[in-house]
Amino acid sequence: MSILFSLSIVLISISIFLSCWRLIQGPTVFDRVLGFDSLSISVIAGIIIVSVLWKTSLYIDAILIFSLFGFLGSLSFCFYLSKSYPESNDE
Amino acid sequence: MSNWSELLGACLVLLGSVFVCLGVLGVWRFPDLFCRAHALTKSMTLGIVLNLIGMWVYLSDHEIGLKLVIAIVFQFLTIPIASHIIDLVSLQKNIYQFKSDDLNEQ
């Protein structure tokens with residue numbers, strides 16, 4: 001049983017690391033927004049695994065709040081960028 | 001009896017984290033924003049919903065059922081909408097799109 005949880009924690013750690021890579025290195029601002037979105041989803045998966053590991057159901061509110069703030073963050077970034085990002089006309 | 005439900009829940013959580021990791025691998029590796037958003041949307045929605053169902057099966061708690069249903073519906077609503085809006089704005093702003101000719105130039 002515990003080896004399944006260890007494997008899940010390793011996979012979620014890899015996904016959080018790669019999302020941070022995309023968030024730092026992304027060529028445009030939209031790639032960074034996408035990396036932030038995937039980072040928030042990976043953190044939600046980590047909260048789920050921790051809550052299963054500790055056998056508590058307290059953190060379901062934290063899951064709801066994290067998903068709400070991730071969604072609102074990427075949505076407000078897109079609303080701001082649609083007003084202010086310059087239109088590139090190469091190619 | 002409860003041992004089997006715990007085993008099923010742990011397997012569902014592991015399957016969900018495999019799908020989340022595959023989605024992030026696509027976000028890390030693909031050459032273009034649209035490919036990245038495609039990988040993120042499908043794979044990570046499935047992965048996070050499998051994670052939540054596995055948590056429900058593992059805990060087998062009556063009180064968190066309604067909140068878990070709300071969380072699952074919320075994931076199904078928010079992840080595709082956020083990715084679609086990112087794609088829509090980046091298509092309006094005419095950013096880089098990957099074509100197969102770019103492979104030959106390198």
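How many residues of chain A are in contact with how many residues of chain B? Some notes on that, and on what sits around it.

1. The contact first: 45 residues of chain A are in contact with 47 residues of chain B, where contact means C-beta atoms, placed from the backbone, within 7 Å. On the chain A side, helices H1 (2-25), H2 (29-53) and H3 (60-84) each give two or more residues. H2(A) provides the largest share, 15 residues. By class, this side of chain A has 26 nonpolar, 14 polar and 5 charged residues (nonpolar is Ala, Val, Leu, Ile, Met, Phe, Trp, Tyr, Cys and Pro; charged is Asp, Glu, Lys and Arg; the others, Gly among them, are polar).

2. Before going on, some housekeeping. This is a predicted model, in which local features need pLDDT of at least 70, side-chain atom pairs count only at pLDDT 80 or more, and totals for chains, interfaces and linings use all residues. Residues are numbered from 1 along each chain as its sequence is written, while chains are lettered from A and ligands numbered from 1 in the order in which they are written.

3. Chain B has 4 helices and 0 strands (DSSP runs numbered from the N terminus, helices being H or I of at least four residues and strands E of at least two). Its radius of gyration, taken over C-alpha atoms, is 18 Å, against near 13 Å for a compact globule of 106 residues (the rule is 2.2 Å times the number of residues to the power 0.38). The C-alpha atoms fill a box of roughly 60 × 25 × 10 Å along the principal axes.

4. Now look at H3(A). Its 25 residues should span 36 Å at 1.5 Å a residue, and the end C-alpha atoms are indeed 36 Å apart (the expected span is 1.5 Å times one less than the number of residues). Among its buried residues are Ile60(A), Phe71(A) and Phe77(A); buried means 20 or more other C-beta atoms within 10 Å of a residue's own. The buried residues of H3(A) pack against H2 of chain A together with H3 (65-92) of chain B.

5. The largest nonpolar core has 47 residues, and those touching the most other members include Leu34(A), Ala45(A), Val20(B) and Ile86(B) (a core is a set of buried Ala, Val, Leu, Ile, Met, Phe, Trp, Tyr and Cys residues joined through C-beta atoms within 7 Å). H2(B) gives the most, with 12 residues.

6. Ala45(A) is worth a click: leaving aside neighbours within four places in sequence, Ala45(A) is in contact with Ile12(A), Gly16(B), Ser17(B), Val20(B), Gly47(B), Ile48(B) and Asn51(B).

Key:
Contact = placed C-beta atoms within 7 Å. Buried ≥ 20, exposed ≤ 12 C-beta atoms within 10 Å, placed from the backbone.
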